[in-house]
Amino acid sequence: MAASPESPTPAAATRRKAGRHRGEGQWAAGHRTPLNGNEQFKKDDDGLNVRTRIETVYAQRGFDSIDPNDLRGRMRWWGLYTQRREGLDGTKTGVLAPEELDAEYFMLRVRIDGGRLTTAQLRVIGEVSEEFARGTADLTDRQNVQFHWIRIEDVPEIWRRLEAVGLSTTEACGDTPRTILGSPVAGIAADEIVDGTPAVEEIQRRIVGNKEFSNLPRKFKTAVSGSPLLDVAHEINDVAFVGVHHPEHGPGFDVWVGGGLSTNPKLGVRLGTWVPLEEVADVHEGVLSVFRDYGYRRLRNRARLKFLVADWGPEKFRRVLETEYLKRELTDGPAPEQPAGVWRDHVGVHAQRDGRFYVGFAPRVGRVDGATLTKIAELAEAHGSGRVRTTAEQKMIVLDVTEERVDSLVSALESLDLRVTPSPFRRGTMACTGIEFCKLAIVETKGRGSALIDELERRLPEFDEPLTINVNGCPNACARIQVADIGLKGQLVLDDDGNRVEGYQVHLGGALGLEAGFGRKVRGLKVTSAELPDYIERLLKRFQAEREDGER
Ligand code: SF4
C-alpha cells in the first residue's frame, strides 16, 4: 500500500505563487541574472573549465590552493566532492561551516553509463582503488563506482588511467546530465523488448561534456531500459525511456518525465508517447533543453525538473517539447506492462538469448573494494567473455558464462561473500554513503546496513519474500528511502534515557514498479540504531501473521 505525496497547504501555495510572480529565474523567460550563489558561479565560469586548473594548478600546489567556488562548486563537474572530516558525529552536520566539515580528501565518482564495464576497465578501477583510494570502491544505486580518500595531487594520474580504458568522471556530479542508467542486461536478456544500448551510447556522445548542457538548473538523471523487469528505477529519474510494444509500430520506448526523490519526492509521469530506438537521443535532447531553458533557477530546492513538470502537467510539457524543440508531433503510445516478478536486480543465474548465462550477485549494501573488484575481473575473464555490468540496485553481473562454467563461477563468487543466492535481507538492503564520508550525513549507514543483514538472517532464517530495506544517512534520499518497503531516514533521536543518539525515522510500504508509490511516514515512529534489528524483526513477524493474500 502506498500513500500519495502530500498536497501543499494553502499558505505554502500562496507563498509559491508569490515566489513565481517574482520570477523563477527561467532562462526562457529572459531571466539571466543569477538569483543565488550557485547560479552565479556557474555563470562566472563553466564547471567543465575547472579541469585545466586542477591539472595545472591545484594538483601541483595542493588542497589549500583551491578556489572555494571550485572546491565546493565546479569540481563536481568532474565527479569530485570533498568528503567529511573524520570524527565529526551527526550533531555537527548543518551546524559547522562547510570548510569545517571538509576533509582534505575527495570522493571521486566514475560514471558507468548503462552499467557496462569490460574486465580491463574493472581492473583499472580496482588498481586506482588500491593505489589512490585506500581500497575504497563503493557501488552506487546509479550504476557508478565511488572512490574515497582521493588527494587532489593524484587526480590527473587517476584520470589518465581511467581515460586510457574509456572511463571518465566527466559530469558525474554537479548541475549536469548525470550517468545514464541502462538495463544491465541490455542486448543479452532473453525476454528483452528492445535493446536500448545504441540510445545510451548516442545520448552519451551528444551530451556528456557538451557545454550546451553543462549549466543546468540542477542535476538531470536519465534512464533507458528495454527490459520488461523495469530495471532502472525509471519512476524516479528526470527523464526515462521504458521499453514497450506498440500495437502498430512494434518495439520502442514509453517516455516518463519529472521523477525524483530527495526531500520533496515525486514520481515521474508519462507523456503518453511512443518513441522508436533511433529517435530516443533526439527526444532526450529536447527534454534536456526544456529543463535547461524553462527549469527554475531561483531556489535550489525547487530547481529539479520535477517541479516544472508538477506545475505544467504532462500535456503542456509534451506540447512545449513538440512545438518548440522537436518541431513535430510525437506518436501516442501504450504504457509498460506490469513486470512478472518483484526483484529487478538480475541477481541469480539467468539464461541469455544466445544460450549462455549471466550471473548476478549481491555484495553487502554496495560495499566492495579494489581487491575484490580485481578478483571479480579475474573470475569474469576465466568464466565469461570479459563483460561485467553494474545494476541500479548496488549489485553486479558477470555476462556470457557457458553452462558448464556456471557452478564454478557461483562458488567462486560466494567464497568472496558475493552472494548469487542471497537472503532477501542481503538482496533487498541498500545503503547510501552515510556519515563515514558524506558531509550531509547525520548517521552511519553502510556498517549499520551490513550488521542489520547479519542480524535478520540469524533471527529470521525462514523469511523468504521480496523485501527492500533502504538505509539513508539524512533526509536526502540517495538510497531511495521513500520507495522501499522499509525506508530508514537517518536522524538523531532520543533513547530511553533521553540522550540524543543515532536513529531513524521509519517509512513503510513504498514501492517501485507499476504500483509505485511513496511509503507512509509512521508518525512518531523513530528507532535508535541499537533498536533497529528488534524493530524490524517484530515488524516482519507481524506482517507475516496478519498479511492478506498477495499483500506485500
Ligand atoms: Fe549523504 Fe544524505 Fe545522500 Fe546519504 S542520503 S549520501 S547521508 S546526502
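Which residues surround the ligand? Select the ligand to start the tour, and bear in mind that this is a predicted model. Around the ligand you will find C432, T433, G434, C438, L440, A441, N472, G473, C474, N476 and C478. Colour this shell by class and you get 6 nonpolar and 5 polar residues, with no charged ones.

**Stop two: helix α7**

Now select residues 155–164, which make up helix α7. Show the side chains of V155, I158, W159 and L162, the buried residues of this helix. Turn the view until you look down the axis of α7: the buried residues fall within an arc of 100°, so they line one face of the helix. On the other side of α7, pick out R160 and A164, both exposed.

What covers the buried residues of α7? Add α3 (50–61), β2 (102–110), α6 (119–132) and β5 (145–150) to your selection, as the cover includes these elements. Before leaving, click on G166, which follows α7 and has a positive phi near 85°.

**Stop three: β5 and its partners**

Keep β5 on screen, since it is part of the cover over α7. This strand is mostly covered itself, with 5 of its 6 residues buried. Bring β2 back into view: β2 and β5 run antiparallel and are joined by 4 bridges. Label L108 and you will see F147 of β5 standing opposite.

Next, select β4 (residues 136–139), which pairs with β5 in the antiparallel sense over 2 bridges. Here the residue to label is L139, opposite V145 in β5. Follow the chain from β4 to β5 and you trace a hairpin with 5 residues between the strands. In its turn sits Q143, with a positive phi of about 65°.

**Stop four: the loop after α7**

Return to α7 and move along the loop between it and β6 until you reach E171. Phi of E171 is near 55°, a positive value in a residue that is not glycine. Is E171 buried or exposed? E171 counts as buried, because it has 28 C-beta neighbours inside 10 Å, where 20 or more are needed.

**Stop five: the open sheet**

Carry on into β6, and display the open sheet that 6 strands form in the order β6-β7-β8-β9-β10-β11, with mixed pairing. At its edges are β6 (177–182) and β11 (331–332), each pairing on one side only. Inside the sheet, zoom in on β8 (residues 239–246) and β9 (residues 250–257), antiparallel strands joined by 8 bridges. Within this pair, F241 has V255 in β9 as its bridge partner.

Which helices pack on this sheet? One of them is α8 (residues 197–207), which touches β6, β7 (220–225) and β8. Its direction makes about 170° with that of β6. Another is α10 (residues 305–326), touching β7, β9 and β10 (269–275). The direction of α10 makes about 50° with that of β10.

**Last stop: V365**

Finally, select the loop between β13 (357–361) and β14 (367–369), and centre the view on V365. This residue has a positive phi of about 40° although it is not a glycine. V365 is buried too, with 26 other C-beta atoms within 10 Å.

Technical notes
Residues numbered from 1 in each chain as written. Predicted model: local features only at pLDDT ≥ 70, side-chain atom pairs only at ≥ 80, totals over all residues. Near = placed C-beta within 6 Å. Nonpolar A, V, L, I, M, F, W, Y, C, P; charged D, E, K, R; others polar. Buried ≥ 20, exposed ≤ 12 C-beta atoms within 10 Å, placed from the backbone. Arc of directions from axis to C-beta. Contact = placed C-beta atoms within 7 Å. Pairing = 2+ DSSP bridges. Axes fitted to C-alpha atoms, helices over the stretch in contact; angles between N-to-C directions.
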